[in-house]
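The following paragraphs are intended to be read alongside the coordinates. Please keep the sequence and the structure in view while reading.

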Number of protein chains: 2
Amino acid sequence: MSEQTIDRRIIRTKRMIRDALTVLMEEKGFEGITVADLTAKADINRGTFYLHYRDKYDLLEQSENEIIQKLNKLAVELQNLSADDAISFFDQNKPVPFLVNLFEYLLENKSFMKVILGPKGDPSFQAKIKEVMKKNLQQNLSIRFKKEKMLVPEDYVFAYVSSAHLGVIQHWLESEMKESPLELSLILTKMLFLGPGQVAGLVRT
Amino acid sequence: MSEQTIDRRIIRTKRMIRDALTVLMEEKGFEGITVADLTAKADINRGTFYLHYRDKYDLLEQSENEIIQKLNKLAVELQNLSADDAISFFDQNKPVPFLVNLFEYLLENKSFMKVILGPKGDPSFQAKIKEVMKKNLQQNLSIRFKKEKMLVPEDYVFAYVSSAHLGVIQHWLESEMKESPLELSLILTKMLFLGPGQVAGLVRT
DNA sequence: TTAATAATGAACACATTGTTGATTAGTCCC
DNA sequence: GGGACTAATCAACAATGTGTTCATTATTAA
């Protein structure tokens with residue numbers, strides 16, 4: 001690991017800035033925030049901010065990237081676990097394991113997630129989240145795809161599913177977050193295997 | 001209609017500003033644009049901008065709202081046409097009619113759409129597009145839902161499908177836009193009725 | 001304890017904003 | 001075509017935020 005011990009002051013300062021970012025994003029959305037706002041809320045000199053970040057966009061990107069890295073780490077840890085049987089999750093009414101962990105993580109960071117994925121959030125972060133989803137789907141399911149039986153180009157299937165999953169996450173965050181991570185995961189798993197039409201009782205089975 | 005004749009100069013000025021907006025968004029993304037940039041590109045005095053828009057965010061919102069209104073109008077026009085038979089579209093390998101018109105409209109305005117729905121775009125516009133999708137789905141399909149057979153809460157079905165559709169639109173805009181509006185619509189229709197799993201040959205039929 | 005370095009405070013030039021008031025130019029309509 | 005409106009122009013303004021600097025103070029690692 002390239003983790004040479006970092007000065008406590010730096011860690012402390014960065015944490016305070018990021019906490020301020022979360023709070024202020026809830027208050028006024030990212031675009032309304034100034035560097036002065038951030039440092040005032042964090043109780044820090046304005047110049048100090050520029051010791052660590054180029055500007056507020058740099059701050060946002062670094063914060064986002066840390067989240068994405070953690071999610072990717074999550075996915076890798078569960079890689080072996082899910083490789084052995086893909087469809088059986090559905091058969092046994094069990095969700096794809098990665099999803100449960102994902103939703104648990106979202107829950108832990110809900111205030112930041114709610115803003116960043118909301119209508120005042122950052123569309124590039126949405127794209128990053130979809131990318132994580134896509135990687136995970138490819139890893140767990142792509143092998144099972146019957147290329148000759150595909151009714152739709154593969155890239156469109158991925159675009160469809162990863163975006164759908166993101167949409168469910170967003171809906172969950174916007175509403176009361178009543179459903180548990182497990183319930184959410186089951187919703188997505190059913191949708192994936194049965195499809196919206198069948199799930200809604202539209203199509204005769 | 002509340003369309004009292006508007007001074008030519010106003011129409012001309014507004015059109016030039018909006019054209020400049022599209023071009024500049026492609027160049028540097030919305031956030032990088034200044035009012036001075038816009039008026040320079042539009043060959044207009046900077047003060048004139050403020051005669052019509054409060055700030056650049058106001059400009060963006062007005063532009064977006066016009067698009068949404070047109071889409072809603074499209075949807076209403078086709079309302080009767082699609083109400084008579086919902087599932088038969090799928091049986092006959094025909095797409096839901098609204099979708100074809102939607103994709104045609106996107107194609108006509110592709111440069112603006114590509115930026116506004118892309119990673120440097122506006123998440124609130126994404127939300128508006130999803131809202132249009134949702135309304136349309138409710139109008140055409142919700143009646144057919146067998147409430148007692150629903151395997152997933154209805155609001156999650158809508159969140160899933162509308163977001164999935166948006167994702168396919170985004171993927172289309174980001175790639176080469178090879179597929180025709182009709183092909184795209186068929187992709188979405190198949191996904192809706194068969195589901196991702198079956199479409200990809202994952203699930204035995 | 002000491003050498004290193006992070007944080008502070010104040011100041012700076014610079015860019016962008018949104019507004020104002022006087023003037024010029026284009027449009028509408030009789 | 002002429003006169004009344006009013007949109008567009010131009011220049012200037014204060015206000016706000018940006019990113020950088022430099023000397024000074026405070027905290028940390030060892």
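Is A:Glu154 buried, exposed or partly exposed? This is a predicted model, and the answer follows from a count of neighbours: 13 other C-beta atoms lie within 10 Å of A:Glu154, so this residue is partly exposed. A residue is classed as buried at 20 or more such atoms and as exposed at 12 or fewer. A:Glu154 belongs to helix H10 of chain A. Its C-alpha lies 9.0 Å from that of A:Ser142, the two residues being 12 apart in sequence.

The helix that holds A:Glu154 deserves attention as a whole. The 21 residues of H10(A) should span 30 Å at 1.5 Å a residue, and the end C-alpha atoms are indeed 30 Å apart, so expectation and model agree. Of these 21 residues, 17 are buried, and H10(A) is therefore largely enclosed by the rest of the structure.

The wider setting is the fold of chain A. Its secondary structure consists of 12 helices and zero strands, and the order of elements from the N terminus is accordingly α-α-α-α-α-α-α-α-α-α-α-α. Along the principal axes, the C-alpha atoms of chain A fill a box of roughly 65 × 40 × 30 Å. Of its 205 residues, 35% count as buried. Among the contacts in chain A between residues at least 6 apart in sequence, 63% join residues at least 24 apart.

The relation between the two protein chains comes next. Chain A is superposed on chain B by a rotation of 180 degrees with 0.0 Å of shift along the axis, at an RMSD of 0.0 Å. That is the relation of a two-fold axis. In chain A, the C-alpha nearest this axis belongs to A:Gly195, at 1.6 Å from it. Since 100% of the interface residues of chain A are also interface residues in chain B, the copies meet through the same surface.

The contact itself takes 44 residues from chain A and 44 residues from chain B. On the side of chain A that touches chain B, at least two residues each come from helix H9 (123–140), helix H10 (154–174), helix H11 (181–194) and helix H12 (196–199). H10(A) makes the largest share of that side, with 13 residues. By class, the residues of this side of chain A are 27 nonpolar, 11 polar and six charged.

Two residues of chain A illustrate how the chains touch. A:Tyr160, leaving aside residues up to four places away in sequence, touches B:Ala164, B:Gly167, B:Val168, B:Met191 and B:Pro196. A:Tyr160 also appears in the largest nonpolar core, which has 102 residues; A:Tyr160, A:Val168, B:Tyr160 and B:Val168 have the most contacts inside it. In soluble globular proteins, nonpolar side chains tend to be buried together. The second residue, A:Leu194, is placed in helix H11 of chain A. With 22 other C-beta atoms within 10 Å, A:Leu194 is buried. With the same exclusion of sequence neighbours, A:Leu194 touches A:Val199 and B:Gly195. A:Leu194 and A:Leu137 are 57 residues apart in sequence, and their C-alpha atoms are 16 Å apart.

The DNA strands remain to be considered. Around DNA strand C there are 20 residues, of which A:Arg9, A:Thr13, A:Asn45, A:Thr48 and B:Asp55 come nearest. The surface near this strand receives at least two residues from each of H1 and H3 of chain A and H1, helix H2 (35–42) and H3 of chain B. Six nonpolar, seven polar and seven charged residues make up the surface near DNA strand C.

Around DNA strand D there are likewise 20 residues, and here A:Asp55, B:Arg9, B:Thr13, B:Asn45 and B:Thr48 come nearest. Helix H1 (8–28), helix H2 (35–42) and helix H3 (46–52) of chain A, together with helix H1 (8–32) and helix H3 (46–52) of chain B, give two or more residues to the surface near DNA strand D. That surface has six nonpolar, seven polar and seven charged residues.

B:Asp55, one of the residues nearest DNA strand C, lies in the loop between H3 and helix H4 (56–77) of chain B. It has 10 C-beta neighbours inside 10 Å and therefore counts as exposed. B:Asp55 is separated from B:Gly197 by 142 residues in sequence and by 46 Å in space, C-alpha to C-alpha.

Methods:
Residues numbered from 1 in each chain as written. Chains lettered and ligands numbered in written order. Predicted model: local features only at pLDDT ≥ 70, side-chain atom pairs only at ≥ 80, totals over all residues. Contact = placed C-beta atoms within 7 Å. Helix = DSSP H or I, 4+ residues; strand = E, 2+ residues; numbered from the N terminus. Nonpolar A, V, L, I, M, F, W, Y, C, P; charged D, E, K, R; others polar. Near = placed C-beta within 6 Å. Least-squares fit on C-alpha atoms with pLDDT ≥ 70 in both. Core = buried A, V, L, I, M, F, W, Y, C linked by C-beta atoms within 7 Å. Expected span 1.5 Å × (residues − 1).
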